[in-house]
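Please find below a colleague's note on the model under review. The remarks are set out as numbered points, to be read beside the coordinates.

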Amino acid sequence: MDIRSWFQKGGKPIKRKQDDERSESNDNDRTQRIKASKIMDEGSSNCCAPVPATSTAIEENGGGYHENDIGRYLDQTLKLSTEKKKELLSNPWIPPQKYDFGSDASHLKRKFNRHWLDQYTPWLVYSSLLKGALCNYCVLFPPAIGTIKGILGSFIVRPYTRFKNIHEDCKKHASSHHHKMSTAAAKAFLENVPVDVQLQSGHQKRIEENKQILSSIISCIIFCGTHDLPLRGKEGDEGVFFDLLNLRIDCGDEKLKSHLEKCQKNAIYTSPKIQNEIIKLCGQVVKERIIEDCKQAKAYAVMADETADIGGKEQLSIGLRFYDESQKKIREEFVGYVELKSQDAPTIASAIHSFLVDQNLPADNCVGFGFDGCSTMAGKEGGVQAILKKKYRKSLFFHCSSHKLNLVVNDASKLPEIRNTIATVKDTISFFRESPARRNSVPNLSRLCETRWSEKYMSIRKFSESFHEIVNALEHLSVEGNYATRKSAYQLHCAVTKPIFIVGLVMIAKYSAILEPVVNILQGKNMDLIMVREHIGQILDRIKTDRQDIEHVSDDLLKKANDIAEKVGVELSVPRMSQKQIHRSNPPSETAIEYWRRSLIIPYLDSLTLSLNVRFSHENTPAFALSHLHPSYMLQMASKDLEENAKSFMEFYELGGISAELGLWYDLWKKKDLAADTLKDIEVAALLEEANRFYPTTRHALLILSAFPSTTATVERSFSTLRRVKTWLRSTMGQDRLTGLCLMSVHRKFFKENQDWIETKVLKKFSSNPRKMILV
């Protein structure tokens, strides 16, 4: 039974008529090749004989074939002499203008068209012997046989006869790596370059060209990432990324233009998948650089905080704090996000521990964890810090100083009068911001933000400064406008014109102005525990001074409040007194000044003082003891007391050698005889330089002190980046893409200063995996 009968009777369907025609065409093609092979064998004895440059075709359709017909030398290139190769490269046989391709290949359904030779010159040639098209360069300088697959092999190891697709297949062949390598080898051969040098230089040249193309693509992605720009648009070929590529082409990047126009569709390297991979690699490069610098330090601390992105996913922001020996400064660096499946303490602790293990950060060098004060993070029994302390025994928990200072203010808000005043301020600001018409009636008022604490204090201060305009606007809106506006304006006008509100606003505004610069200072990356202690001490001293001189302070506050009240037509009268009062303070007083002092000013200052003392107490004994190595505190005690104080951190951090250095360290700063204010201004980073040579153990202790995190401002700043990067229009972004883009945005200065180095590292990582484009 023949194959055709088997197909008709067997388990496979009968092929269509066009398949039969294709099979018959292939059989005829095979017959022609066998015939051509016999002719080549017969003429192999003189195939390398030189042919005059002026020779023409022997016959157009007869039994003889031209000596320079490339089909005669298929699979015979190793036997060709150098002169013959040059002859075939410079003067291959070209069919005459009136050559009859129809009678030449009657077995083919579609015939060859001579103008195709002009269109794809100089590499495309026609073989009268094999009745098909061939690549002159690839036949004479063929690639390895095992690397030739698919239709591209038709131009190299067999004649091409599928003429209905010739334009598509010619473009594919011209953009293939094999053809480019053969073209480079042919050009080098004509220039008398040795073959091994041809192959090596051609390969290396191609690699360099491909790397330049990829560098252009990577550069555009980095630009988008460092400027918080969306790469893709609504369609696949739209967006900022493709506009940047077109801009580079318009500026003269010919290699990129040629790549995008002629390369294979599966090797353009602009797809979303490749974008994600390059973005991830960019993030990895900067993260690995930070981790490597952190490993060089003898001590580091971990900061973490959690927030929800626009897609509803919980993101844990992680940062590192350490002293950089090369840059001679303390660094706080954001190193990425970790998606949380739940918000319980074991999950968060596991995520932080896994991150540190994955980055190979030494556990013995971890000296602290900086979190906020919520029970999940700060719990003494089951909190994140308690779980991590079991794995990192030298680490201490540090409650963020900015959070603690905000809690101090919130503690003062427990007073009913203060709480009501702040709530009224917040409602009034929201009322004016709800409508452009209302907003235009008063000076610009920023929201009373509960997370941006510096803006919170600034908002209260500006509200107090613009109080007269605000009251006038409320009075006007209470009689003008629609029903909802009149009602709300009237209620707010009644609330803000009460004497207790005016006195409370003046008092809160005064101490908010004191807290505002301190809150801004605490957010600095170079802030250490010594500086935090100094700034909080200044606030506490100021409040204590006001408390001691309460009569003078209250007179000033009430005078200012009375001036404001007169401008808005309000009298600072004392509330009605009653014998039994349980809902508000009702102290005995003979004058209005005495009433306000006893009922409002003294309780507010006492609340601030008590809360500052409690929340900024020295609960971390080793950390508090280490701070005594600073000259401003060290010189306030005797040398023996310093040695006694050092025992707590010597055992905890295994710094036994420091006992021999403490006396010398004490004497060093004693002899300098510096003023107290000068000593307070010395940062821990400056002390490290002083202890660089002769105090190695003391310097190690100071390195630990410098690594203690004072705030979590660095990781909280990354939340703003998260809001800019992951928006409603980009809410389905993957985790790797999100982390990479946020790292690029946060560290944009590093990318700007080291872009060439970063592109090289990304290219190296990208080239480590097999690619369609030759990169190694």
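The points below pass from the overall description to a helix pair, salt bridges, backbone geometry and two single residues.

1. Nature of the model and overall content. The coordinates are those of a predicted model. The protein contains 36 helices and seven strands. It has 776 residues, of which 49% count as buried. The exposed area of the protein is about 39100 Å², and carbon and sulfur atoms supply 51% of that area.

2. Range of contacts. Where contacts join residues at least 6 apart in sequence, 69% of them link residues at least 24 apart.

3. The pair α16 and α25. Helix α16 covers residues 401-412 and helix α25 covers residues 592-615; their axes come within 9 Å of each other and cross at roughly 145 degrees. The crossing of these two helices is right-handed. On the α16 side the contact involves K404, L405, L407, V408, D411 and A412, and these meet Y604, S607, L608, S611, L612 and R615 of α25. Sorted by class, the contact of α16 with α25 comprises seven nonpolar, two polar and three charged residues.

4. A salt bridge within α25. The structure holds 32 salt bridges. One of them lies in the helix just described: the side chains of R598 and E594 meet at 2.7 Å, N to O. Both residues belong to α25 and are four residues apart, about one turn of the helix. Their exposure should be noted separately: R598 is partly exposed, at 40% relative accessibility, whereas E594 is buried, at 17%.

5. A salt bridge within α7. K172 and E168 form a salt bridge with an N to O distance of 3.5 Å. The two residues are four apart in helix α7 (residues 166-175), so about one helical turn separates them. K172 is partly exposed, with 39% relative accessibility, and E168 is also partly exposed, with a relative accessible area of 47%.

6. A salt bridge between distant parts of the sequence. Which parts does the pair R748 and D228 tie together? The closest N and O atoms of this salt bridge are 3.1 Å apart. R748 lies in helix α35 (residues 748-753) and D228 in the loop between α9 (195-226) and α10 (240-250), so the bridge ties together parts that are 520 residues apart in sequence. R748 is partly exposed, with a relative accessible area of 35%; D228, by contrast, is buried, with 16%.

7. A salt-bridge network. R289, D293, D324, R331 and E333 are linked to one another in a network of salt bridges.

8. Positive phi values. Most residues other than glycine have a negative phi. D228, the acidic partner of R748 in its salt bridge, has a positive phi of about 55 degrees although it is not a glycine. N360 is a further residue other than glycine with a positive phi, near 55 degrees. N360 is placed in the loop between α13 (345-358) and β6 (366-371). At 58% relative accessibility, N360 counts as exposed, while D228 counts as buried at 16%. The author may wish to inspect the backbone at both positions.

9. A cis peptide bond. Most peptide bonds are trans. The bond joining T121 and P122 is cis, with omega about 5 degrees. P122 is located in the loop between α5 (115-119) and β1 (124-127).

10. Surroundings of T421. Is T421 buried or exposed? T421 has a relative accessible area of 3%, and because the limit for a buried residue is under 20%, T421 is classed as buried. This residue lies in helix α17 (residues 416-433). Leaving aside neighbours within four places in sequence, T421 is in contact with I500, F501, G504, L505 and I508.

11. Surroundings of I94. I94 is found in the loop between α3 (82-90) and α4 (101-104). With 48% relative accessibility, I94 counts as partly exposed. Apart from residues up to four places away in sequence, I94 touches R114 and L117. The C-alpha atoms of I94 and D69 are 8.1 Å apart in space, the two residues being 25 apart in sequence.

Key:
Residues numbered from 1 in each chain as written. Predicted model: local features only at pLDDT ≥ 70, side-chain atom pairs only at ≥ 80, totals over all residues. Heavy atoms only, no water. Axes fitted to C-alpha atoms, helices over the stretch in contact; angles between N-to-C directions. Left-handed = near helix turned anticlockwise from the far one by under 90°. Contact = heavy atoms within 4.5 Å. Nonpolar A, V, L, I, M, F, W, Y, C, P; charged D, E, K, R; others polar. Salt bridge = Lys/Arg side-chain N within 4 Å of Asp/Glu carboxyl O. Buried < 20%, exposed > 50% of the residue type's maximum accessible area, 1.4 Å probe, protein only. Areas by Shrake-Rupley, 256 points an atom, 1.4 Å probe, with all protein chains shown as cover.
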